[in-house]
Amino acid sequence: METPLPQPQKPPPFQTALLAGALAGTTVDLSLFPLDTLKTRLQSSAGFFASGGFRGIYRGVGSAVVGSAPGAAFFFCTYESSKKFFQSNSWISSQQKNGQVLSHMMSASLGEIAACAVRVPTEVVKQRAQAGQHGSSLSSLTAILSQRSKVGLFGVWRELYRGWGITVMREVPFTVLQFPLWEALKAWGRERRLRTGRGLFGDAYIPPSTLSKGDKIIGPQNEVSAAESALYGSLSGAVAAGVTTPLDVLKTRIMLSTQRESMFTMIKTIYQAHGGSFRPFFAGIGPRVMWISIGGAIFLGSYQWAVNTLERKVNNKRL
């Protein structure tokens, strides 16, 4: 008997993506904030110990609390909506697997650009507090807003969005690597569930045709479990994190710089200051890969858990 081929998974509804994304963003940012602080201090031009070392590793957490939920919600709402749009495109859908990868890459790129509208100001405020330039997120934000009398409202806006370009240049390649890989691993997991009748961690797959009224189902049809999604998120995040570390170093240096500097000027400054070595461009790669590997598991695991839970409630009402 032939195993049916898995169909592309239908994106969750807008409200589900909104709530699941907000939960996932808050969970991962708060749980891994100390590692993010250590990575920022390793990348700071002032040096690790001059920036605070191991002291005050929760400095700047206030901005993370405020920005995490809306940033992640922006991302997943845009990502899932874009996926739905691209999957309905006749040319993209006709490309089969290549079309799915292209859809995931374009959707992830649009999602990151949307999320950066919230993430960049949050990062600027947070990293200046983490690097010891200010005692807290509030004092960091106040210092930026106090410049209005000198630079005007537009100048304050530019300061809050300092590093926008390099952040987008870092996040888009990162996401273009992570999300298609995560989606491909999930597709493999769904195919495996159809073929073996069980998920990677032993959770059983119950074909929808065998359900009767009153039966309880575990989530969206043939979707992977939260634990399986967490594993795939960790693997894809680790790969993407390592490759994009140089962009992360540039973003951190630009945001922490006392004067506005272009990306190319910063590259030249770092390169010359270390005798033509490329090693500084990979500063903090260990904490970054560890942080994003663990973060990918928490972020995409909690997102999948929230999606499965919310979809389960909807599906149970329909039975």
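Contact here means heavy atoms within 4.5 Å. With that in hand, here are the legends for a tour of this predicted model.

**Figure 1. An all-helical chain, seen as a whole before the close-ups.** The protein has 12 helices and zero strands, so the legends below can refer to places by helix label. Of its 319 residues, 48% count as buried. Among contacts between residues at least 6 apart in sequence, 78% join residues at least 24 apart.

**Figure 2. Glu-112, a buried residue of helix H5.** Helix H5 covers residues 96-130, and Glu-112 lies within it. The relative accessible area of Glu-112 is 5%; because the cut-off for buried is under 20%, the residue falls in that class. What does its side chain meet in a polar contact? The partner is the side chain of Thr-175, at 2.8 Å. Setting aside residues up to four places away in sequence, Glu-112 touches Phe-75, Arg-119, Glu-171, Val-172 and Thr-175.

**Figure 3. Gln-130, also found in helix H5.** Gln-130 has 0% relative accessibility and counts as buried. Beyond its neighbours within four places in sequence, Gln-130 is in contact with Phe-33, Asp-36, Thr-37, Thr-40, Arg-41, Ser-51 and Arg-59. Take a moment for Ser-51: 79 residues separate it from Gln-130 in sequence, yet their C-alpha atoms are 7.7 Å apart in space.

**Figure 4. The ring pair of Phe-33 and Tyr-58.** A pair of aromatic rings is described by the distance of the centres and the angle of the planes. The model holds 18 aromatic pairs. In this one, the centres of Phe-33 and Tyr-58 are 6.1 Å apart and the planes meet at 15 degrees, so the pair is stacked. The pair links distant parts of the chain, with Phe-33 in helix H2 (residues 33-43) and Tyr-58 in the loop between H2 and helix H3 (61-87), 25 residues apart. Are the two partners buried or exposed? Phe-33 is buried, at 1% relative accessibility, whereas Tyr-58 is partly exposed, at 46%.

**Figure 5. An aromatic cluster, with a lysine over one of its rings.** Phe-75, Phe-76, Tyr-79, Phe-179, Trp-182, Phe-299 and Tyr-303 form one aromatic cluster. Lys-186 lies over the face of Trp-182, at 4.1 Å from the ring centre.

**Figure 6. The largest nonpolar core.** In soluble globular proteins, nonpolar side chains tend to be buried together. Here the largest such core has 26 residues, and those with the most contacts inside it are Phe-76, Phe-179, Phe-299 and Tyr-303. Which helices each supply at least two residues of this core? They are H1 (14-31), H3, H5, H8 (164-196), H9 and H12 (285-318). The largest share, seven residues, comes from H12. Another core, of 11 residues, lies apart from it, and includes Val-125, Ile-144, Leu-160 and Val-172. For a single-residue view, look at Phe-299, which touches Ala-24, Gly-25, Val-28, Ala-72 and Phe-76, not counting residues up to four places away in sequence.

**Figure 7. Helix H9, end to end.** Helix H9 runs over residues 226-243, which is 18 residues. At 1.5 Å a residue, the helix should span 26 Å, and its end C-alpha atoms are 26 Å apart, so the two agree. Among the buried residues of H9 are Glu-228, Tyr-232, Ser-236 and Ala-240.

Notes. Residues numbered from 1 in each chain as written. Predicted model: local features only at pLDDT ≥ 70, side-chain atom pairs only at ≥ 80, totals over all residues. Heavy atoms only, no water. Helix = DSSP H or I, 4+ residues; strand = E, 2+ residues; numbered from the N terminus. Buried < 20%, exposed > 50% of the residue type's maximum accessible area, 1.4 Å probe, protein only. Polar contact = N/O pair within 3.5 Å; in protein donor to acceptor, adjacent residues only side chain to side chain. Expected span 1.5 Å × (residues − 1). Phe/Tyr/Trp six-rings, centres within 6.5 Å; stacked < 30°, edge-to-face > 60°. Lys NZ or Arg CZ within 6 Å of the ring centre and 35° of its normal. Core = buried A, V, L, I, M, F, W, Y, C linked by side-chain atoms within 4.5 Å.
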